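Colleague: Hi! Could you walk me through this one?
Modeller: Happy to, let's look together.

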Amino acid sequence: MQFTRSTRRLRASPLAETYPFPVQFYEHPPTDNISLQDFENFAVERLKLLKSVETIGVSYIKASESYNKKLESELRKLKFPYRVSSGEKLDDYEMRRKDHISHFILRLAYCQSEELRRWFIQQELDVFRFRFNELQDKQQEFLQHNKLEYQTIGEEEKELQKKNLADSGGYGSIKISEWLFYKVYFTDVLELVRARKVFLKDGFVYIPHPEIAVIVLNEFRQRLSKSLALASRALPVVQSDERLQPLLNNLSHAYVGQDYSIQKNVGKISLEQIDGLAAKSYAPCMRQLHKALRDNHHLRHGGRMQYGLFLKGIGLTLDQALQFWKSEFIRGKVDPDKFDKLYSYNIRHSFGKEGKRVDYTPFSCMKIIMSNAPGQGDYHGCPFRHSDLELLKQKLQSYKIPPAGISQILDLVKGMHYQLACQKYFELSHNAEEVGFSLNHPNQYFIESQKLLNGSRDIKKESSQPENQQRNQGSQSTRGTSACVSKPTSQAESADMEGLEELLSDVYTE
Amino acid sequence: MASSDNPYDAAELPDLLPIYYRRLFPYSQYYRWLNYGGVPEKYFQNREFSFTLKDDIYVRYLSFNNQNELEKEMQKVVPYKIDIGAVYSNKPSQHNSVKSGSFHAESKELVFDIDMTDYDDVRTCCSSADICCKCWTLMTIAIKILDRALGEDFGFRHRLWVYSGRRGVHCWVCDKNARNLSQAARSAVAEYLSVVKGGTDAIKKVHLTNPIHPSIRQAITVIDSYFEDYAVNEQDIFESKETWQKVLALVPDDILSLELTTSGKSVGNLCNGGIFFNSDAQFREGLQTDFVKVRNSAERWKSLQCTLNTIHLEEIKLQYCYPRLDVNVSKGINHLLKSPFSVHPKTGRISVPIDVKNLETFDPFSVPTISSLCRELDRKTKEEQENTHTENGEGLEVKRRIRDYKKTSLLGPVKIFEQFIEKMEQSQKGQLLEQSDRGGDF
């Protein structure tokens with residue numbers, strides 16, 4: 001008697017009912033309770049997934065074999081559902097639940113601006129496409145379950161239009177006789193209309209079953225777009241809750257990985273080295289800021305923040321930083337006293353020596369690209385994102401990048417892949433075949449560059465450490481009572497994390 | 001053909017426009033059109049108009065509460081040009097008082113603009129702003145092809161074609177579906193309808209897929225009925241080495257291998273002898289020699305037809321005749337387009353609706369000009385005054401305005417416009433009935 005298997009299935013049945021497929025339209029928000037740990041972990045893991053999806057999407061042609069293989073392994077690694085398995089286990093349903101919940105958390109974070117929405121929709125669409133294709137012969141069932149019934153055409157009409165159908169899509173007549181054809185209003189399948197790849201009659205596009213995915217994808221995109229728009233309208237209410245706001249901001253600006261607040265190289269760099277380092281190992285954003293500072297003997301606030309924190313990240317001590325900025329500003333006719341009054345306070349503040357005494361972390365690429373766009377007279381931001389294409393081209397030429405490389409970079413920029421463009425710049429300027437890391441932080445750029453130029457001596461990979469520490473801090477505070485920041489100089493404490501912890505503990509001590 | 005009895009002089013505009021706007025412009029039909037039966041509410045009130053005044057002063061974001069306001073303003077301001085824009089979320093005239101970000105374009109007819117200058121590389125008779133009866137055929141072809149596609153492929157029922165006043169035509173698709181299309185959808189429709197692609201740097205602008213899409217096949221059928229007369233005879237595209245080189249330039253470079261693989265025809269299958277060729281260059285030379293030998297355009301065309309594969313011939317025909325539209329005009333919801341019945345300041349011609357059922361009879365050089373209309377009006381009024389007694393003084397002014405355009409050549413175009421509007425009103429009524437039926441109203 002085989003009890004065990006059936007009992008496991010029985011236990012799984014409530015979840016099995018809610019999640020009959022490994023893919024869904026996310027129509028209804030989750031209503032159950034989850035632990036704080038899960039809340040944070042789910043969101044972070046989905047973010048990791050979506051970022052991988054983005055990278056994979058640029059490195060491989062979408063829907064190609066290698067693309068699918070990479071995406072599958074990523075989904076498996078991060079424990080997200082993607083396939084209907086023959087004997088569905090509890091784990092499968094757990095994954096689907098995580099998928100459901102994490103999607104909705106990220107919605108809140110990514111509905112906030114047009115750019116965030118676009119990014120979110122694009123990655124979710126790619127995941128959905130992969131999963132929908134994996135459904136294979138379960139696709140009809142899935143569509144029925146989701147009440148997506150598309151109008152089909154009858155045999156007589158198919159016979160009548162046979163030649164037209166064959167000529168529009170380049171299908172053979174045998175296939176046409178076999179296939180089910182749907183009639184969909186043309187606004188639902190604009191890409192097919194635009195390319196004139198389908199037969200159009202009276203405003204309706206005739207689509208064979210194998211191409212139904214296009215319509216379904218459009219449906220998914222439209223629904224998600226609408227939902228995000230609604231979410232953003234409701235956001236002020238959500239944001240008025242001070243506990244959720246920092247968490248959401250962090251998610252949307254977070255890059256999942258190192259934050260470079262731990263410097264193993266504190267004091268290892270001397271001020272004289274900086275000009276040389278700027279030319280060799282700075283990412284273009286910092287190189288641009290450094291040059292502007294040297295040229296104008298001044299930088300505005302945005303530039304001082306971005307560059308100043310970067311310098312801290314590469315190992316400058318507070319005293320070195322003060323000396324660095326002061327000497328430069330004095331050359332710009334700023335009174336030494338004025339400097340002490342106006343600027344030094346801010347520098348000390350950013351090192352955590354004043355006011356809240358929070359040790360601010362250097363900006364990640366995501367943060368630089370997404371927030372605080374530069375205006376006239378500013379030199380901060382990301383050149384790949386914020387510079388005019390022509391100016392960027394000139395800049396790259398002045399950095400002695402070969403023309404072929406420049407066009408590769410510009411292509412990536414046009415596709416809005418700013419970090420990949422910077423990665424390409426790294427490859428070209430260091431004469432490296434492949435970068436070997438996924439660029440998401442200017443300090444990471446610096447470290448990797450130094451590694452390459454000096455042979456990786458001292459800088460060991462710290463990627464696992466700070467993350468774990470962050471996680472542990474998080475979980476410790478949930479168990480404990482107050483999570484107020486009691487160790488301002490603790491290296492694991494960052495401005496971002498502080499808010500998160502306070503929030504998380506607040507929510508659950510009620 | 002030429003309006004030599006009624007020559008138009010732009011300097012007369014300041015004197016003629018007031019007469020036109022006071023006595024000839026068909027305000028009530030115009031309002032009926034743009035009001036769309038008052039559904040949805042405020043559709044007319046939220047519509048943007050723009051006027052270009054004397055000395056090129058351009059005023060945007062004009063809007064009017066009703067027909068009377070529009071009339072009064074046009075008569076007061078006497079615009080040289082009138083453009084119609086989108087229907088916005090609020091009254092355009094109040095756009096500054098609306099919360100920023102909130103004022104946006106919501107709806108507009110789907111429009112197309114075919115301009116003769118876009119055909120300069122394939123016209124031999126005229127260039128730039130000039131048109132003649134020879135090249136006007138291109139517009140006839142364009143209207144036929146696009147009108148069929150918009151109607152049969154896209155299911156749009158209410159299409160108004162208007163002469164732009166100088167060198168092209170506009171199409172206003174007024175179906176509700178069309179007016180509510182997103183920018184992406186408009187762009188997709190325009191791309192679907194585009195076949196001739198590429199700027200000055202692209203010599204060969206048409207690349208067809210095999211098999212040919214049914215919509216293109218329909219277009220080719222239309223072009224075929226005109227091609228010999230228009231291209232071979234009137235435009236004389238095979239007239240001289242200079243002109244036929246342009247045609248031959250459209251033959252793909254690797255013609256030899258293409259011909260062999262796609263048709264299985266033996267190469268060098270020229271009608272004047274079974275000569276064989278070993279290379280693309282030889283093949284082209286062979287054609288050239290043949291052309292020179294033959295001495296007449298019709299024969300050259302025949303020769304080409306014997307040699308080339310069908311698909312390459314179609315590509316040539318399409319490049320010379322298929323409608324060239326500006327995707328950007330169609331894409332933007334807030335794009336402003338010249339209004340029907342406005343005057344073209346350079347030619348004096350009125351932007352009149354075109355009767356699509358009688359395309360062959362449309363002659364751009366017989367389109368009334370503002371000066372000819374005013375002269376007609378003058379003549380008629382004098383006649384009337386001589387013949388009839390004035391009845392009660394008040395009614396006469398109103399009666400005069402209502403009947404004035406009917407005394408002139410504007411009658412025909414206004415009738416076409418009315419038919420268009422009536423058809424739309426019928427359809428609107430039908431839709432309302434459907435809705436109330438569904439709602440179970442008795």
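Modeller: One term before we start: a residue is called buried if under 20% of its relative area is accessible, and exposed if over 50% is. Also, this is a predicted model.

Colleague: Okay, so how much of chain B is buried?
Modeller: Of the 442 residues in chain B, 51% are buried.

Colleague: And which elements is chain B built from?
Modeller: Chain B has 16 helices and eight strands.

Colleague: What about its surface?
Modeller: Chain B exposes about 20800 Å², and 48% of that comes from carbon and sulfur atoms.

Colleague: How do S1 and S2 of chain B run, parallel or antiparallel?
Modeller: Strand S1(B), residues 47–52, and strand S2(B), residues 58–62, are antiparallel and joined by three bridges. B:Thr52 sits opposite B:Tyr58 of S2(B).

Colleague: What happens in the hairpin between them?
Modeller: Five residues lie between the strands, and B:Asp55 in that hairpin has a positive phi near 65 degrees.

Colleague: Switching to chain A: why does the length of helix H16 agree with what it should span?
Modeller: Helix H16(A) has 14 residues, 318–331, so at 1.5 Å a residue it should span 20 Å, and its end C-alpha atoms are indeed 20 Å apart.

Colleague: Which of its residues are buried?
Modeller: The buried residues of H16(A) include A:Leu318, A:Leu322, A:Phe324, A:Trp325 and A:Phe329, along with A:Gln320 and A:Glu328.

Colleague: What do they pack against?
Modeller: Those buried residues of H16(A) pack against helices H13, H14, H15 and H17 of chain A.

Colleague: And just after the helix?
Modeller: There, A:Lys333 takes a positive phi of about 70 degrees.

Terms used: Residues numbered from 1 in each chain as written. Chains lettered and ligands numbered in written order. Predicted model: local features only at pLDDT ≥ 70, side-chain atom pairs only at ≥ 80, totals over all residues. Heavy atoms only, no water. Helix = DSSP H or I, 4+ residues; strand = E, 2+ residues; numbered from the N terminus. Expected span 1.5 Å × (residues − 1). Buried < 20%, exposed > 50% of the residue type's maximum accessible area, 1.4 Å probe, protein only. Contact = heavy atoms within 4.5 Å. Pairing = 2+ DSSP bridges. Areas by Shrake-Rupley, 256 points an atom, 1.4 Å probe, with all protein chains shown as cover.
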